[in-house]
Structures are given as structure tokens and as C-alpha cells.
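This report covers selected local features of one protein chain: two loop residues, salt bridges, a helix pair and some further sites.

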Amino acid sequence: MTSTSLWQPFTLGRLELPHRLALAPMTRNRANADGTPGDLAAEYYGQRSSLGLLITEGTQPSADGQGYFNTPGIYTPEHVEGWRAVADTVHAGGGHLFVQLMHVGRISHPDNTPHHRQPVAPSAISAEQEIFTPTGPQQTPMPRALSVEEIAATVADFRHAAASAIAAGADGVEIHAANGYLLHQFLAPNANHRTDAYGGSVENRARFVVEVARAVAEEIGADRTGIRISPAFPLGGLDEGSPEDVRAQYRHLVRELAPLGLAYLHVHHLGDDELLASFREIWPTALLVVRYGRTREQIAGDIDAGLADIAPLGRFALANPDVVERLRTGAPLNEVDLATVYGGGAAGYTDYPTLARV
């Protein structure tokens, strides 16, 4: 790799990072049935401590926030104890841990949740997606629209989850407002048909996201709070309209979030570089950018172009616990075993070989 930009240190919030790589959040479906991180989670994240900033898999802030089976939570004392083991292991390896808070909204099924209730969403509009459940693939059911009082309660759930993450020893949290889940659903006109203060206009559709971010920042500190967005990503059946509509929505959202002074904005980027460049102008702190399909030669591209400060890694980090060393030295990379990404045990989770074990 010819670019030297990846190897420059960086200050993110209250963290001193050794380079510009990070671990991107990736669902692995290996938590215990009660949402406590499984026995292997500490080993998995600890193996990747050299990435410096590790953003965890999506972690539900409440029982309503769970969408998939065997995903972790961060809202009970048992969850806190489970995540403490992860945080301690990551810190022992010299890394820092941000827990991603993910409320899935309508991308859920009663068979996957502890209370087996109907999913919740901005509006009673089905995602019409297939979701895997313990009995096999099923359609996501019609969700129930959240009341204004329940929206406030959900904001409080995020606040409590953030405090729980810090109590577990995490260095911060990332609010998941992307990839088709609840906060993203509020931003998308085809999922949000509300006629109250949380729907209709660009300003109203952004309101819930801003309220969650403000509450979390108040609870644990803005410098320990990041947020992820994915403009125009059609995941979960979302349609955010024309490019002009998307730009209007997200420029407004980022302008509303900017004064909060959050540690970072994490953009799952689909390719509108004009929009990304405008985020760089608006956003006052660190910008993390992930693009699908990057080759190892392209990892530093957005940093070199001045569009990003940090390049989180997904599949490269999943299959290579020592990905930092491999990229630094030009060593070959392991390929991802797609059959073991979701669910199971150590196979395809903690048993990928390092250079020392090859």
C-alpha cells in the first residue's frame, strides 16, 4: 500500500488513535439468548484490538429494539457484565470500544424478541422483507406506529443504553441511524407517513434522530458519542426519494447534529461524493467513511482526498484479526467464509489465522 495517510495518529474525542483504521460494526448473531455477549465475544474483539477504534455489532437498547435472533443488548445488568469482559479485553490489547446502539424498528419478527410483541416503527407500514428466525425465513410483519409518548420513551431507552455501555467500561457509543433501522425509518418518506412533529417535512423527519443524539450526548458526553448515517441506502425497503431529496434531508440533519459536538459522524457511503463533500464542510469533528466493495488499495482513498479522517474496515477485519499488520506489511489477506458470518460458534468467528499462525 503506497499511501502513508493510514498510519498517521489521530485524536477522536478523548481518544488518541494510533492510525486511521477502525473496526466497522458487523452483526455476528452469537450473543446468548438473553442478549448477553457470548463467551467468545471478548476473544473476537480482543483479537482485533490493534485496529484502535472498535465499533461493535448492533446492540439493542431495549427489548423492542431487537430484530434478529442472538444479537446483544445493553440494557440489563447481565448485558453490562457481559460487555465489561469485552471492554476489558479490548483495553488490555491497547484498543478502544464504542458500542453501537441499534434499534431495528420494523426490521424485526416476534419470534426473534424476548417479549414476542409486534415490531414498532414511525408508521404502520410493513418493510415487506424476509428475515431469518429460529424456524426459518419469515416475512417481517406489519409494525405498530409509535405514539409521541413512546417516542420519548425510546429516546430514554437510548439514554439508558448509553449509560449502561459506559458502566460496562466502553469508551463510547455509536448511534445507528442508518441501514434501514428505526432512526433511518424516521428519515425515509416511504416509511414515515406521520402527520405530527415527527413526520412530513425534512425538519420533522430529522427530529427523532436529533433528540436521540442530544440525549445520549447529555448522558455520557458528546466526545464519547458517534452517529452513523447511510444516505439513500435502500436497505430494509426504504426509499428516500430523488438525489435532491436525499441531499436536502441529510444536509439538514448534519447541520442539526453539528452543534452537539459529537465525537464523529460515520457515513456508510453509497457514492454521492458531492453530498459527502458537503458533510466535510458542515461537520466540525471526525468523519468516518465506509464504502462497499473497496479493494485494499482503495482503503485510504477518502482520507487522501480529504473526505474522511478514518476508514473503518468490515470484511477485511472480520477475516483478518491482524489486518493492521497485514496492511502495513503488504501481507496477503484471508477471505471471508460467508457460511459462518452469522451465528454459530468459534468457526468463522475467532479461528481466522493470523500471520503468526499461518
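N29 sits in the loop between strand 3 and helix 1; helices (H or I, at least four residues) and strands (E, at least two) are DSSP runs, numbered from the N terminus. This is a predicted model, in which local features need pLDDT of at least 70 and side-chain atom pairs count only at pLDDT 80 or more, while totals for chains, interfaces and linings use all residues. Residues are numbered from 1 along each chain as its sequence is written, and side-chain values use heavy atoms, with hydrogens and water left out.

**The loop before helix 1**

With a relative accessibility of 8%, N29 counts as buried. Buried means under 20% relative accessible area, exposed over 50%, and partly exposed in between (1.4 Å probe, protein chains only). Most residues other than glycine have a negative phi. N29, although not a glycine, has a positive phi of about 55°.

R30 belongs to the loop between strand 3 (21-23) and helix 1 (41-47). What is the nearest side chain of opposite charge to R30? It is D351, at 7.4 Å, and R30 is buried yet has no salt bridge. For charge, Lys and Arg count as positive and Asp and Glu as negative; His and the chain ends are not counted. A salt bridge is a side-chain nitrogen of Lys or Arg within 4 Å of a carboxyl oxygen of Asp or Glu. The side chain of R30 does reach the backbone oxygen of G343, at 2.9 Å. Setting aside neighbours within four places in sequence, R30 is in contact with several residues, including G38, N70, Y342, G343 and Y349. Contact means heavy atoms within 4.5 Å.

**Salt bridges**

The whole structure holds 14 salt bridges. The table gives some of them.

| Pair | Closest N and O atoms |
|---|---|
| E81 and R84 | 2.2 Å |
| E219 and R159 | 3.2 Å |
| R251 and E274 | 3.6 Å |

E81 and R84 are three residues apart in helix 2 (residues 77-92), and are therefore separated by about one helical turn. E81 is partly exposed at 48% relative accessibility, and R84 is partly exposed with a relative accessible area of 26%.

The salt bridge between E219 and R159 links two helices: E219 lies in helix 5 (residues 202-220) and R159 in helix 3 (residues 148-167), so the pair ties together parts that are 60 residues apart in sequence. E219 counts as partly exposed at 35% relative accessibility, as does R159 at 26%.

In the salt bridge of R251 with E274, R251 lies in helix 6 (residues 243-257) and E274 in helix 7 (residues 273-282), so the pair ties together parts that are 23 residues apart in sequence. R247, R251, D272 and E274 are joined into one network by salt bridges that share partners. E274 is partly exposed, its relative accessible area being 47%.

**Packing of helix 5 and helix 6**

Two packed helices are described by the angle between their axes and the distance between the axes. For helix 5 and helix 6 the angle is about 35° and the axes are 9 Å apart. Axes are lines fitted to C-alpha atoms, for helices over the stretch in contact, and angles run from 0 to 180 degrees between N-to-C directions. The crossing of helix 5 and helix 6 is right-handed; a crossing is left-handed if the near helix is turned anticlockwise from the far one by less than a right angle, and right-handed if clockwise. Residues making the contact include V202, R205, A206 and V209 of helix 5 and A248, H252, L253 and L257 of helix 6.

**Further sites**

A232 is found in the loop between strand 11 (225-229) and helix 6. A232 is not a glycine, yet has a positive phi of about 70°. Its relative accessible area of 33% makes A232 partly exposed.

N334 is placed in the segment after helix 10 and, at 18% relative accessibility, counts as buried. The side chain of N334 reaches the backbone oxygen of A319 at 2.8 Å. Not counting residues up to four places away in sequence, N334 touches A319, N320, R326, Y352 and P353.

A356 is also found in the segment after helix 10 (323-329). Is A356 buried or exposed? At 76% relative accessibility, A356 counts as exposed. The C-alpha atoms of A356 and G169, which are 187 residues apart along the chain, are separated by 30 Å.

Technical notes: Polar contact = N/O pair within 3.5 Å; in protein donor to acceptor, adjacent residues only side chain to side chain.
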